[in-house]
Amino acid sequence: MLIAGFPAGAWGTNCYLVAPAAGEECVIIDPGHQAAQGVEETLKKHRLKPVAVVLTHGHIDHVASVVPVCGAHDVPAWIHPEDRYMMSDPEKALGRSIGMQLMGELTVGEPDDVKELTDGAALSLAGLDFSVSHAPGHTKGSVTFRMPESADVPSVFFSGDLLFAGSIGRTDLPGGDMDEMLESLARVCLPLDDSTVVLSGHGPQTTIGRERATNPYLREVAAGLGSTQGAPRRGM
């Protein structure tokens, strides 16, 4: 399997291209702010043909390049229905103070073909299987994508802004909710095997085992103690 990722834009949002191998079809995950050029360079480098864009949530740092990427390759974008409005209205999604700073530099809207994700959905795209889990907390429509373990690679978990190396996503923007975040961490992350590779929306890769042992939020969720006050959080 081939997974090529790069940090894009002002927030260093991780965009991933996933394919069975070089020279085959691929899925693009979270083409965010200023990601279009990096997507095209990665497609060319690995001789990939995209068949879909899938989105962990609707914040502009994860979706800003959806329209040009989908338009250039005539592919659909998949997003949870509770975050769909964010593609056309980032100011509402982020709050006025952040949204107004962005409106002058971005062309917002939906691509021509939008498909909606549901909790528990099984997506088969580009010869790959993705399990979808609805994971609200960072936004109401946040989702994660998990790929099963195969002969040559462990299970891979695209966590979006739910779980980071050493941290979790922020919950202070519109639609954020700490109680929902903790419930999502417990329901979606804790059951995963320790060997599961975590590829998050920001920052370096990690594993569930490492986060179970060191992440203050995941440790307290596992212990049933609730929120960790004062620990850092990341993401837009």
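Me: In what order do the six strands of the open sheet lie, and how are they paired?

Reply: In this predicted model, six strands form an open sheet in the order β7-β8-β9-β10-β13-β14, with mixed pairing.

Me: What makes β7 and β14 the edge strands?

Reply: Strand β7 (122–125) and strand β14 (206–207) each pair on one side only, and this is what marks them as the edges.

Me: How do you know that β8 and β9 are paired?

Reply: Two strands pair if at least two bridges are found between them; four bridges join β8 (residues 128–134) to β9 (residues 143–147), so the two count as paired, and they run antiparallel. Within this pair, Val132 stands opposite Phe145 in β9, while helix α6 (residues 178–189) lies across β8, β9 and β10 (156–160), running at about 145 degrees to β8.

Me: Why is Thr206 called buried?

Reply: Buried means under 20% relative accessible area, and Thr206, at 2% relative accessibility, therefore counts as buried. Thr206 has its place in strand β14, and, leaving aside neighbours within four places in sequence, Thr206 is in contact with Ala165, Thr196, Val197, Val198 and Glu211.

Me: What makes the link between the side chains of Thr206 and Glu211 a polar contact?

Reply: A polar contact requires a suitable pair of N or O atoms within 3.5 Å; the side chains of Thr206 and Glu211 are joined at 2.7 Å, so the pair qualifies.

Me: Which residues have the most contacts inside the largest nonpolar core?

Reply: They are Leu17, Ile28, Val39 and Val53, in a core of 27 residues. Apart from this core lies another, of 22 residues, among them Ala52, Val143, Val156 and Val197.

Terms used. Residues are numbered from 1 along each chain as its sequence is written. This is a predicted model: local features need pLDDT of at least 70, side-chain atom pairs count only at pLDDT 80 or more; totals for chains, interfaces and linings use all residues. Side-chain values use heavy atoms; hydrogens and water are left out. Contact means heavy atoms within 4.5 Å. Axes are lines fitted to C-alpha atoms, for helices over the stretch in contact, and angles run from 0 to 180 degrees between N-to-C directions. Buried means under 20% relative accessible area, exposed over 50%, partly exposed in between (1.4 Å probe, protein chains only). A polar contact is a pair of N or O atoms within 3.5 Å; within protein, one must be able to donate a hydrogen and the other to accept it, and residues adjacent in sequence count only if both atoms are side-chain atoms. A nonpolar core is a set of buried Ala, Val, Leu, Ile, Met, Phe, Trp, Tyr and Cys residues joined through side-chain atoms within 4.5 Å.
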